[in-house]
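These are my notebook entries on a structure I was asked to examine. I record what I looked up, one topic at a time.

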Amino acid sequence: MDWYSYIIIGFILAGLFFASALYAFHWASKNGQFHELEKGASSIFDDEEPLGKQTDFFPGHK
Amino acid sequence: MKWPALFFIISATLWLLAGTALGLISSYKMHDPNFLGNWEWLTFGRTRSAHLNAVMYGWCNNAIFAVGLWIMARLCRTEIRHLGLLIVAGVFWNIAVTIGIGGIFIGDMTSVEWLEMPTYITPLLAIAYALIGVWGIIAFRYRQSEHIYISQWYILGALFWFPWIYSVAQIMILFEPARGTVQSLTNWWFAHNVLGLWLTPMALAAAYYFIPKVIGRPIHSYYLSILGFWTLALFYNWAGVHHIVGGPVPAWVISSGIVASVMMVIPVIVTAINHHMTAIGHFRQVIESPTLRFVVFGAMSYTLVSFIGSTMSLRSVSEISHFTHLTVGHAHHGVYAFFTMIMFGSIYFILPRLLYREWPSKFLITCHFWFAALGITIMIVTLHVGGWIQGLEMNNPEIPFIEVMKGTVPWLKARTISGFFLAIAHIAFAINVFWIVFFRQGQEDVVGTPTLFSSKQAR
């Protein structure tokens, strides 16, 4: 196969890649990923590392 | 997550040291070409490319695997499966890069920028990466969290983007080379996307996680962060052409690259707003946390380097800056001041929590930060200024080329000095890393830090 064929295949795969990105966006929207954004932003906190507490210090300091 | 993360962090540190040494040698040779001139394998062409690849595929990728996968594991909040997969992948990856760098030294280098490692290692890299990618997907599939945090989006995106760009580049340039300028376009599409769709999302994932996490406040505007992710995904991959503005490529292709480069201002401003507004009023905490010092430095650098980059893509600017040291300065601005500093910060957060131990030396951390910050600032300033002057002079037909070159030498010497600062910083970092990993047996001093090792969180 010469390079031209590879590029055509490349374009097809790129199209699929792009389609999958569109799908991901659509799925996220349907799945409710874009609702309740405040809750989403706070999702990295939990009981051990609650909101409002600093969680990293130089050694020996607190 | 403990053993794979440890493996990747240690590998990354070793590659960082190797890459720094190679960079120093290359920098020195630029103003003193006879340095180490007796050894064929250390000619500038080889050391420079070895530096590039060691830093990118050695340091950057290992750091990404450690940090990105650790954040992924934490956010997926699931029992970590198949750790062996990651270790096998890591071993293969590092063997491949070692052979690749060796290949460069013995003269097997390809002539393609960012793909200099000889193609006989590509299959090994591909296998290693596939294992890591598979792990990422499995971890995501079994996630316990309902919400997909922004960092997970960035990490997953990067995990998909990298194999795509690498494969296309390998096939279209090396395996079945495309004709003429298409190769060049593919090359710079690849090279730029390695920075923008692999390094950048991973670093942003880390910044979006650690800044709110350490400060204790959620990201200022989560909506903006989602906008930032999708605009990055939309615009970034078009921007690569800005490396060949003025080249023998259709004008519309160049223009699309410039437009995309300028549109990138949107996700960059979005990210800047988010990080700044989250950190504002908490600057004391930024100083108090080793992680945040590095991460915030990196995040601020991201804003600056991106604006400079968007400006550099304009035809009138590129006319002066192209083919000068300014481009090199810009590259280091992005890969070091942005990506590497964020990775340092991430490792300072992760390693103590993996090992249940505190960092042994506060002095080394401070040393690391200041020498790195100073070093990279000097490097960026000297290369940007020197490069700009070089560009202006080169555009002036009155000035002979050799005079322009001689004019760059003081700037290059300053760059070597900055390289020494970075080397000191990295040695300080490496000492701390090996100290905490290998020499703190039995000193489980987690008094005073919150316990972070419940079964819910990944370790």
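At what angle do helix α13 and helix α15 of chain B pack, and how far apart are their axes? I note at the outset that the model is a predicted one.

**Entry 1: α13 and α15 of chain B**

I looked up the pair formed by α13 (residues 325-355) and α15 (residues 401-438) of chain B, and found a packing angle of about 10° with the axes 12 Å apart. An angle under 35 degrees counts as roughly parallel, and α13(B) and α15(B) are therefore roughly parallel to each other. From α13(B), the residues that meet the partner helix are His325(B), Phe344(B), Leu351(B) and Leu355(B). On the α15(B) side I listed Thr408(B), Trp411(B), Phe429(B), Val433(B), Ile436(B) and Val437(B). By class, this contact has eight nonpolar, two polar and no charged residues.

**Entry 2: α7 and α9 of chain B**

I then turned to α7 (residues 222-235) and α9 (residues 265-279) of chain B, which pack at about 155° with their axes 8 Å apart. Because angles over 145 degrees count as roughly antiparallel, α7(B) is roughly antiparallel to α9(B). I recorded the crossing of α7(B) and α9(B) as left-handed. The α7(B) residues in the contact are Leu224(B), Ser225(B), Leu227(B), Gly228(B), Thr231(B) and Leu232(B). Those of α9(B) are Ile266(B), Pro267(B), Val270(B), Thr271(B), Ile273(B) and Asn274(B). I sorted the residues of this contact into seven nonpolar, five polar and no charged.

**Entry 3: the contact between the chains**

Next I examined where chain A meets chain B. The contact draws 32 residues from chain A and 41 residues from chain B. On the chain A side, the elements that give two or more residues are α1 (3-31) and α2 (37-41). The most comes from α1(A), with seven residues. By class, the chain A side holds 15 nonpolar, 10 polar and seven charged residues.

Which helix pair across the two chains did I follow up? I chose α1(A) and α5 (residues 150-175) of chain B, whose axes come within 10 Å and cross at roughly 170°. I therefore entered α1(A) and α5(B) as roughly antiparallel to each other. Trp3(A), Tyr6(A), Ile7(A), Gly10(A) and Phe17(A) of α1(A) meet Trp164(B), Val168(B), Ile171(B) and Met172(B) of α5(B). The residues of this contact comprise eight nonpolar, one polar and no charged.

**Entry 4: the nonpolar core and its surroundings**

I looked up the largest nonpolar core and found 145 residues in it. Val67(B), Met202(B) and Ala206(B) have the most contacts inside this core. Helix α6 (residues 181-215) of chain B supplies the largest share, 22 residues.

I then listed the contacts of Met202(B), leaving aside neighbours within four places in sequence: Ile64(B), Val67(B), Gly68(B), Tyr154(B), Ile155(B) and Ala158(B). Of these I followed Gly68(B), which lies in helix α2 (residues 44-76) of chain B. Is Gly68(B) buried or exposed? I found 29 other C-beta atoms within 10 Å, so Gly68(B) is buried. Under the same exclusion of sequence neighbours, Gly68(B) is in contact with Ile155(B), Met202(B) and Ala205(B). I also checked its separation from His368(B), 300 residues apart along the chain, and found 22 Å between the C-alpha atoms.

**Entry 5: loop positions in chain B**

I placed Ser313(B) in the loop between α11 (290-312) and α12 (315-321) of chain B. It has 23 other C-beta atoms within 10 Å and is therefore buried. Not counting residues up to four places away in sequence, Ser313(B) touches His242(B), Val245(B), Gly257(B), Ile258(B), Ser261(B), Val262(B) and Ser318(B). Ser313(B) and Gly240(B), 73 residues apart in sequence, are 9.7 Å apart in space, C-alpha to C-alpha.

Finally, I noted positive phi values in two residues other than glycine. Phi of Phe323(B) is near 65°, and this residue sits in the loop between α12 and α13 of chain B. Phe323(B) is partly exposed, with 13 other C-beta atoms within 10 Å. Phi of Tyr356(B) is near 60°, and Tyr356(B) lies in the loop between α13 and α14 (362-394) of chain B. With 17 C-beta neighbours inside 10 Å, I entered Tyr356(B) as partly exposed.

Conventions: Residues numbered from 1 in each chain as written. Chains lettered and ligands numbered in written order. Predicted model: local features only at pLDDT ≥ 70, side-chain atom pairs only at ≥ 80, totals over all residues. Contact = placed C-beta atoms within 7 Å. Helix = DSSP H or I, 4+ residues; strand = E, 2+ residues; numbered from the N terminus. Nonpolar A, V, L, I, M, F, W, Y, C, P; charged D, E, K, R; others polar. Core = buried A, V, L, I, M, F, W, Y, C linked by C-beta atoms within 7 Å. Buried ≥ 20, exposed ≤ 12 C-beta atoms within 10 Å, placed from the backbone. Axes fitted to C-alpha atoms, helices over the stretch in contact; angles between N-to-C directions. Parallel < 35°, antiparallel > 145°, perpendicular 65-115°, else oblique. Left-handed = near helix turned anticlockwise from the far one by under 90°.
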